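Let's take a walk through this model together, one part at a time. Keep the viewer open and follow along.

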Amino acid sequence: MDRNNFSEIYKKYALTAYITAMQVVHNGSDADDIVQETMLKLYLNIEALEEDRVEGWVRVAARNLGIDFQRKAQRFDWNELDEELPADELELPTIAEEEEQERNHFFQEVMDALKEHDESSYYITREIKVHERPEKEVASEMGITIGNLRVKMTRSKKWLCRHFADKAKEIGFL
């Protein structure tokens with residue numbers, strides 16, 4: 001693999017890095033930072049990787065960076081903070097940020113469940129809905145017809161609704 005088509009590689013594996021990071025840090029902002037670090041490392045090492053090993057490499061790198069992040073956070077000495085910092089200057093998450101974190105966590109939970117339920121449905125959903133790739137391109141890559149792809153999408157939507165509709169309504173996803 002080479003760096004010439006890295007934007008496509010980034011699009012293909014950024015969600016994988018994000019989901020993996022969220023499993024470790026459980027925070028959307030931290031996961032975003034870990035995705036950036038993971039993708040930078042991937043960019044620097046891309047020429048040494050074989051294409052069929054990239055996804056696994058991304059998962060391991062994101063997981064390890066997440067673990068490192070957690071270790072650093074645990075070592076942080078909260079007593080070193082300036083206790084005279086006025087309360088109005090503290091950066092507490094807003095309700096919108098907390099809701100965003102909850103939606104990110106829910107999205108990760110849904111995608112993990114879909115992957116466990118049916119790997120091909122997970123792949124189709126990730127590629128079409130997250131990476132915004134054309135149906136025709138994904139169907140061709142999978143070696144199936146567009147009709148078959150749409151049937152799989154409909155079945156996975158029904159499965160997701162049966163398993164997650166109530167929770168999605170509860171947190172305002174629907």
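**A buried ring and its partners**

Start with Phe6, which counts as buried because its relative accessibility is 13%; buried here means under 20% relative accessible area, exposed means over 50%, and partly exposed is in between, with a 1.4 Å probe and protein chains only. Before going further, bear in mind that this is a predicted model, where local features need pLDDT of at least 70 and side-chain atom pairs count only at pLDDT 80 or more, while totals for chains, interfaces and linings use all residues. Residues are numbered from 1 along each chain as its sequence is written, and side-chain values use heavy atoms, with hydrogens and water left out.

How is a pair of aromatic rings described? By the distance of the centres and the angle of the planes. Rings of Phe, Tyr and Trp (its six-membered ring) pair if their centres lie within 6.5 Å, and planes under 30 degrees apart count as stacked, over 60 as edge-to-face and the rest as tilted. That rule gives 4 aromatic pairs. In one of them, Phe6 meets Tyr43 edge-to-face, at 5.1 Å centre to centre and with 80° between the planes. Phe6 belongs to helix α1 (residues 6–25) and Tyr43 to helix α2 (residues 28–45), so this pair ties together parts that are 37 residues apart in sequence. Helices, by the way, are DSSP runs (H or I, at least four residues), as are strands (E, at least two), and they are numbered from the N terminus.

Tyr43 counts as partly exposed, because its relative accessibility is 33%. Phe6, Tyr10 and Tyr43 form one aromatic cluster. Tyr43 also has a charge over its ring: the charged end of Arg3 sits there, 4.8 Å from the ring centre. For that label, NZ of Lys or CZ of Arg has to be within 6 Å of the ring centre and within 35 degrees of the ring normal. Arg3 turns up again with Glu47: their C-alpha atoms are separated by 7.2 Å, though the two are 44 residues apart along the chain. Glu47 is in the loop between α2 and α3 (54–75), and it counts as exposed because its relative accessibility is 52%.

**Along α1 and α2**

Thr20 is another residue of helix α1, and with a relative accessible area of 5% it is buried. Which residues does Thr20 touch, leaving aside its neighbours within four places in sequence? Arg59, Ala62 and Arg63 are in contact with Thr20, where contact means heavy atoms within 4.5 Å.

Over in helix α2 you'll find Lys41, which is partly exposed at 40% relative accessibility. Its contacts, again leaving aside neighbours within four places in sequence, are Trp57 and Leu65. Lys41 and Val58 are 9.1 Å apart in space, C-alpha to C-alpha, and 17 residues apart in sequence.

Between α1 and α2, look at the loop that holds His26. Most residues other than glycine have a negative phi. His26 is not a glycine, yet its phi is positive, about 55°.

**Where α5 meets α6**

A positive phi also appears at Glu132, near 55°. Glu132 is in the loop between α5 and α6, and it is exposed at 66% relative accessibility.

Helix α5 (residues 119–130) and helix α6 (residues 135–142) pack at an angle of about 145°, with their axes 10 Å apart. Axes are lines fitted to C-alpha atoms, for helices over the stretch in contact, and angles run from 0 to 180 degrees between N-to-C directions. From α5, the contact uses Ser120, Tyr123, Ile124, Glu127 and Ile128, and from α6 it uses Glu135, Val138, Glu141 and Met142.

**Last helix, then the whole chain**

Helix α7 (residues 146–170) contains Ala168, which is buried at 5% relative accessibility. The C-alpha atoms of Ala168 and Val110 are separated by 9.8 Å, with their positions 58 residues apart along the chain.

Now zoom out. The protein chain has 7 helices and 0 strands, and buried residues make up 34% of its 174 residues. Of the contacts in the chain with a separation of 6 or more, 63% come from residues 24 or more positions apart.
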